[in-house]
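User: I have a structure to go through. Can we talk it over?
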Amino acid sequence: MPAARLPSITIDPSPVDGKGGTAIMTSALPPAVPCLTVTDAADAIAFYTRVFDAVPHRLECLPDGRVLAADLVVGGHWFTVSG
């Protein structure tokens, strides 16, 4: 029986290195991304940006302007903050 072929994925340019392209997945599952649930996402994002030099990559906001969730990058590592 032939080995299962893992799918290739397209990688969008990252705010860390600006590179993108196509990569072969090394696992059938996508990599795990930590998700922090907080009371106030905007305050948490400000804290991680100030203290850890986090770079916000994606923000999801409610119609009233409150931040619902954000993807942040610290030292090349991604995590999600949601409120």
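Analyst: What follows covers the core, the aromatic rings and a surface patch.

User: What should I know about the model first?

Analyst: This is a predicted model, where local features need pLDDT of at least 70, side-chain atom pairs count only at pLDDT 80 or more, and totals for chains, interfaces and linings use all residues. Residues are numbered from 1 along each chain as its sequence is written, and side-chain values use heavy atoms, leaving out hydrogens and water.

User: Which residues form the largest nonpolar core?

Analyst: Ten residues: Ala 41, Ala 44, Ile 45, Tyr 48, Ala 54, Val 67, Ala 70, Leu 72, Phe 79 and Val 81. Such a core joins buried Ala, Val, Leu, Ile, Met, Phe, Trp, Tyr and Cys residues through side-chain atoms within 4.5 Å; buried means under 20% relative accessible area, exposed over 50%, partly exposed in between (1.4 Å probe, protein chains only).

User: Which element gives the most to this core?

Analyst: α1, with four residues. Helices (H or I, at least four residues) and strands (E, at least two) are DSSP runs, numbered from the N terminus.

User: Now the rings. How are Phe 47 and Phe 52 arranged?

Analyst: Their ring centres are 6.2 Å apart and their planes at 80°, so the pair is edge-to-face. Rings of Phe, Tyr and Trp (its six-membered ring) pair with centres within 6.5 Å; planes under 30 degrees apart are stacked, over 60 edge-to-face, the rest tilted.

User: Are those two buried or exposed?

Analyst: Partly exposed: Phe 47 has a relative accessible area of 37%, and Phe 52 has 45%.

User: Which aromatic cluster is there?

Analyst: One is formed by Phe 47, Tyr 48, Phe 52 and Phe 79.

User: And where is Val 51?

Analyst: Val 51 is in helix α1 and is partly exposed at 43%.
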